[in-house]
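Reader: I would like to go through the side-chain contacts of this protein one by one. Please show me the structure first.

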Amino acid sequence: MKRALIAVCFCILWLSDIMAQEIVTGTVVDSKNEPVPGVRVEIVGRTETTTTDIDGKFRIELPSPAKKIRFTYLGYKPIEKSIKPEMFVKLGHGWGGTTSGYRGFFEFTGGVGFGGKVNVYAGDCAVTDIGSPIVFGWNMTHGYQINRNLFAGLGFGMHASMLYGVENESYYGDSYTEYCFSTLNVPIYADVRWDFGLEKKTAPFVDLKLGYMLSFAFDTDDDMFYSSGNNCSLYVYDKNTGGFLLMPTIGMRTTIRNKVGFNIGLSYNLMFRKKMNARFESYETDFNGNYKSYEEVMDLGNSTGGVLMLNFGFDF
């Protein structure tokens, strides 16, 4: 009789344990209602976890009641939901909620070039300390999100270039710092970008633009840098000639809302080709009172430098 009573007690405890267990099942799909395998499913604040199968389905047993369940998948913002016996979960967060499709970028950019300063002397005229360019403008890129991390596209932009230098007037003994717009640059490029951890609100990225820089001159040979001397004048001007463009970027992206993010990055434009020229004019009067003028055009050569640029804008 005693043994029978013990057996009954064990059966009651076993049945109560079975009844206390809760089984939660469900399906996880993406924004196109396609099943998503490999999603991590975990009970919030507990140790019970599982992953979805090839059909996006999951099953998890709970030894005791719980309130919240979390779904985590690379490229999507983690989702927490209240527990129900049968669940249907749709991943629609992260940068766009999809693994592929159109993606566009618009950014403002600006920076200062690196390189030595140029000094030009002719007669008693001089233009000195011609510095590296100051560049500012914008870029627009359109392309395709190949997967949750890799983007490829094509783009173009418009960048204004400004130079500065010191104009010396020996006749008056004065010097003036002059700022001049030199060229309008139009970069045309292919763009490849890799985003890290897009399931997070803020994540780093790397970007590479590769293409060609077209240049259109603002200036003529009369309206950039000018120096006057005793019966002579010196004009110095810059002509961007365009060329190969290589612009790597590192930065951070912050999700603002679905499909929209704010980007800030630091890039280095490895192509900023410029051509410096000068024209020297002198005047004199001979013994007979005849006025004579001389002109010499000087090719100061080409130079290639880089511009460190700060970019900020949006993707959509």
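Reader: Is E80 buried, partly exposed or exposed?
Author: This is a predicted model, and every value here is computed from it. The relative accessibility of E80 is 42%. Partly exposed covers the range between 20% and 50%, so E80 counts as partly exposed.

Reader: Which residue forms a salt bridge with E80?
Author: A salt bridge needs a side-chain nitrogen of Lys or Arg within 4 Å of a carboxyl oxygen of Asp or Glu. For E80, the closest N and O atoms of the pair are 2.7 Å apart. The partner is partly exposed, with a relative accessible area of 23%. The residue is R70.

Reader: How many residues apart in sequence are the parts that R70 and E80 tie together?
Author: R70 lies in strand β5, residues 68–72. E80 lies in strand β6, residues 79–82, so the salt bridge ties together parts of the chain whose separation in sequence is 10 residues.

Reader: How many salt bridges does the structure hold?
Author: The pair R70 and E80 is one salt bridge, and D207 with K209 is another, at 3.2 Å from N to O. The count for the structure is 14.

Reader: Are D207 and K209 buried or exposed?
Author: Buried means under 20% relative accessible area. D207 has 8% relative accessibility, and K209 has a relative accessible area of 4%. Both values fall under the cut-off, so D207 and K209 are buried.

Reader: Which residue meets R253 in a salt bridge at 3.0 Å?
Author: R253 lies in strand β17, residues 243–257, and its partner lies in strand β19, so the pair ties together parts that are 62 residues apart in sequence. R253 is buried, with a relative accessible area of 2%. The partner is also buried, at 0% relative accessibility. The residue is D315.

Reader: Which residues are linked with R253 and D315 in a network of salt bridges?
Author: R253 and D315 meet in a salt bridge of their own. The network that includes this pair also links R103, R193 and D195.

Reader: Over the face of which residue does R193 lie?
Author: R193 belongs to the network of salt bridges just described. R193 also lies over a ring face, at 3.8 Å from the ring centre. The residue with that ring is F205.

Reader: How far is the charged end of R279 from the ring centre of Y235?
Author: A charge counts as over a ring if it is within 6 Å of the ring centre and within 35 degrees of the ring normal. The charged end of R279 sits over the ring of Y235. The distance to the centre is 4.4 Å.

Reader: Is the pair of W138 and F156 stacked, tilted or edge-to-face?
Author: The structure holds 10 aromatic pairs. In the pair of W138 and F156 the ring centres are 5.6 Å apart and the planes are at 75°. Planes over 60 degrees apart count as edge-to-face, so the pair is edge-to-face.

Reader: How many residues apart are W138 and F156?
Author: W138 is in strand β11, residues 134–145, and F156 is in strand β12, residues 150–169. The pair links distant parts of the chain, and the separation is 18 residues.

Reader: Which residues form one aromatic cluster with W138 and F156?
Author: W138 is partly exposed, with a relative accessible area of 25%. F156 is partly exposed too, at 38%. The cluster that holds them also contains F106, F108 and F312.

Reader: What is the angle between the planes of F262 and F314?
Author: F262 is in strand β18 and F314 in strand β19, 52 residues apart. Their rings form an edge-to-face pair, 5.7 Å centre to centre. The angle between the planes is 65°.

Reader: Which residue does the side chain of E107 join in a polar contact of 3.4 Å?
Author: E107 lies in strand β8, residues 101–114, and counts as buried at 17% relative accessibility. Beyond residues up to four places away in sequence, E107 touches several residues, including W138, F312 and K209. The side-chain partner in the polar contact is K209.

How values were computed. Residues are numbered from 1 along each chain as its sequence is written. This is a predicted model: local features need pLDDT of at least 70, side-chain atom pairs count only at pLDDT 80 or more; totals for chains, interfaces and linings use all residues. Side-chain values use heavy atoms; hydrogens and water are left out. Rings of Phe, Tyr and Trp (its six-membered ring) pair if their centres lie within 6.5 Å; planes under 30 degrees apart count as stacked, over 60 as edge-to-face and the rest as tilted. Helices (H or I, at least four residues) and strands (E, at least two) are DSSP runs, numbered from the N terminus. Buried means under 20% relative accessible area, exposed over 50%, partly exposed in between (1.4 Å probe, protein chains only). Contact means heavy atoms within 4.5 Å. A polar contact is a pair of N or O atoms within 3.5 Å; within protein, one must be able to donate a hydrogen and the other to accept it, and residues adjacent in sequence count only if both atoms are side-chain atoms.
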